[in-house]
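This report describes one protein chain for a reader who is new to structural biology. Please keep the sequence and the structure in view while reading.

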Amino acid sequence: MKKKKRQMKLRTKINGLILLNLLFVLLLVTVSLSFIMVHREYDEAGQNALTVAKTVAGLPEVIQAFKEPNPSSIIQPIAEDIQEKSGAQFVVVSNMNLIRYSHPDTSLIGKHMVGDDDKQVLQGHGSITRATGTLGLSIRGKYPVFDEQNHQIGVVSVGFLMQNIWKKITSLILKIIGIGIIALIAGLIGAFILSGHIKKQILNLEPHEIAFLSQQQAAILESIREGIVAIDTNGKIMTFNREAKSLLEQETGDLKGKAITSILPNSRLTEVIKEGASHYDQPMIIGNSLVVVNRIPVKIDGKVIGAVASFRDKLHLDQLDQRLADIGQYVDTLRSQRHEFMNKLHLISGLIQMKEYDLVKDLIEEVHVEQQNVLNFFLAKVRDPAMVGVLIGKMHRAKELGIQLAITDDSSVSEICPHRETVLTILGNAIENSMEAITKTKNDRDAVISVHIKENLDLLSLQVSDNGPGVDPELGDHIFDDGGTTKGKGRGFGLALVTRLVSRLNGKMVMNSSSEGATLQVRLPVRRDKNDSSRIASSGG
């Protein structure tokens, strides 16, 4: 059986490629810098030698010493001092016959200079040369010595040994190599981190695994119960699943390559491509079905290359939303009531243990009176049980947050509130928005939310006011758009939902806002028969 060839991992390929690139660059840099440093050190050594030689040749003591019977006795100490201070390996002064007056090796004083590089300096010009002398190969700077009449009377030769220069160069090259090794290690660490980041972005998958996953995702796409259609920039259908064909009533034939406008004229996918903006949870009619559509542009490097739409049955979503809303409302009410009464019970338990029975009696009476007053108010004014449940739940929640939620005294609602579901949705969203705005703002004023709801013969008016910071001026009229909010992604659909509900009932909605607070006013028309009108009139509504 033929053994399967093992594939090199993507991370290994990335690390290997980066390592080879780093080695090449570091080698190139090291060789270039070494070449530059060798020439620079040679040039600097030559210039330094020439500068020191010129300085010695210009010293009055040296010029005057040439007139003395024993010039070496004066020049040698001066040469030794300058040699030590300049770091040169030798400072040699000679006459025109190249007989030395100074030398690091005193036994060579009085002897002829060696090197055969004195032709230019004997002609009265400074020079920089390389020659082998008594101390070895060196870079020399030579300069003529002139007397007061500007006649050349001698020569100064200053030298730096090549072996010392190479010691310095070798030290610098070793430092460069050390830095290069550190850079190589840092590069390898960076390559390891980069390859790890790339692997993380592709979920630690290898290319062949990604290819398999792509095929797997295509199979999953066909298995989900949500219609999906993708188009390119020309509006041609590129991808679709079986559910999409079903919703589009295209059970037979291949949709790929067809224009989306010929299959679904009101898809608005071409608008998404032109605008580059996403549409979320938009209602749309496909055939005889009301669906909720998400339309999202597909981008690569910021350029739109297509768009994708997904379709969900609106009826199923509405049923699920309603169930979740009912459960959430019920849970919120129970939680807030439990929290409040547990605090009261703890207080009563403590007072009983302290045998403060009179205080216990007063506290129980206070709780009873408070609950009775709330109950009496709702029995007299707001008699719809669903609305009472919502308002009591919100009052308990507001109390926990340190907010006073008040229902105006002139509010009134019958046992069956007109447009009950819409009104409950408006109340829930408006009160929650007010509580959230107040709790996020530090304010010295007492936090108050006021609710007014009035049912008349042909009109239902609803108003929710707060003394919070108001609506962000940057939003403007966009606050009623889907996603119009500053609360972050995934928020801002409450008022958009309320807007649609009010518009569907031919009602009116107004938002007034300032730094002193915000007020949401809603007016909904009411149609009644004669019995309903008589009942409202008799109840004082």
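## Contacts and overall make-up

Two residues are in contact when heavy atoms of theirs lie within 4.5 Å. Among the contacts in this chain with a separation of 6 or more, 55% join residues that are 24 or more positions apart. The model is a predicted one. The chain contains 15 helices and 14 strands. Of its 541 residues, 36% are buried.

## Confidence in the model

The mean pLDDT of the chain is 78, and 82% of the residues reach 70 or more. Over residues 482–486, however, the pLDDT is below 50, although this stretch has 19 contacts in the model beyond near neighbours in sequence. Residues 488–493 also have a pLDDT under 50. For residues 488–493, the model has 10 contacts beyond four places in sequence. Where pLDDT is low, the predicted coordinates should not be read in detail.

## The largest nonpolar core

Which residues of the largest nonpolar core touch the most other members? Of its 35 residues, these are M387, L391, V423, L427, I431 and V522. At least two residues of this core come from each of α11 (357–380), α12 (385–400), β10 (404–407), α13 (420–439), β11 (448–455), β12, α14 (494–504) and β14. Helix α13 gives the most, with 8 residues.

M387 illustrates how residues from separate parts of the sequence meet. Leaving out residues up to four places away in sequence, M387 touches V382, V413, C417, V423, L424, L427 and I453. Another core, of 32 residues, lies apart from this one; among its members are A49, V52, A88 and F160.

Helix α13 also holds T425. T425 has a relative accessible area of 22% and therefore counts as partly exposed, since buried means under 20%. T425 and V390 are 35 residues apart in sequence, while their C-alpha atoms are 9.9 Å apart in space.

## Helix α5

Helix α5 comprises 40 residues, from 162 to 201. At 1.5 Å a residue, the helix should span 58 Å, and its end C-alpha atoms are 56 Å apart, so the two values agree.

The buried residues of α5 are M162, I165, I169, I173, I176, G180, L184, G187, A191, S195, G196 and K199. An α-helix has 3.6 residues a turn, so residues three or four places apart point the same way. What covers the buried residues of α5 includes helix α1 (10–57) together with strands β3 (136–146) and β4 (152–161).

## A buried residue in a loop

D118 lies in the loop between β1 (90–95) and α4 (119–122). Is D118 buried or exposed? D118 has a relative accessibility of 6%, so it counts as buried. Leaving aside residues up to four places away in sequence, D118 touches L98, M113 and K142.

## Strands β12, β13 and β14

Strand β14 (residues 517–525) pairs with strand β12 (residues 459–466) in the antiparallel sense, over 8 bridges. Within this pairing, V464 stands opposite L520 in β14. Strand β13 (residues 508–514) also runs antiparallel to β14, and 7 bridges join them. β13 and β14 form a hairpin with 2 residues between them. In this hairpin, S514 has G517 of β14 as its bridge partner, and K508 stands opposite R523 in β14.

T519 is found in strand β14. With a relative accessibility of 18%, T519 counts as buried, because the cut-off for buried is under 20%. What does the side chain of T519 make a polar contact with? The partner is the side chain of S465, at 3.2 Å. Apart from neighbours within four places in sequence, T519 is in contact with Q463, V464, S465, V510, M511 and N512. In a regular strand the side chains alternate between the two faces of the sheet.

Key
Residues are numbered from 1 along each chain as its sequence is written. This is a predicted model: local features need pLDDT of at least 70, side-chain atom pairs count only at pLDDT 80 or more; totals for chains, interfaces and linings use all residues. Side-chain values use heavy atoms; hydrogens and water are left out. pLDDT is the predictor's confidence in each residue, from 0 to 100. Two strands pair if DSSP finds at least two bridges between them. Helices (H or I, at least four residues) and strands (E, at least two) are DSSP runs, numbered from the N terminus. A nonpolar core is a set of buried Ala, Val, Leu, Ile, Met, Phe, Trp, Tyr and Cys residues joined through side-chain atoms within 4.5 Å. Buried means under 20% relative accessible area, exposed over 50%, partly exposed in between (1.4 Å probe, protein chains only). The expected span of a helix is 1.5 Å times one less than its number of residues. A polar contact is a pair of N or O atoms within 3.5 Å; within protein, one must be able to donate a hydrogen and the other to accept it, and residues adjacent in sequence count only if both atoms are side-chain atoms.
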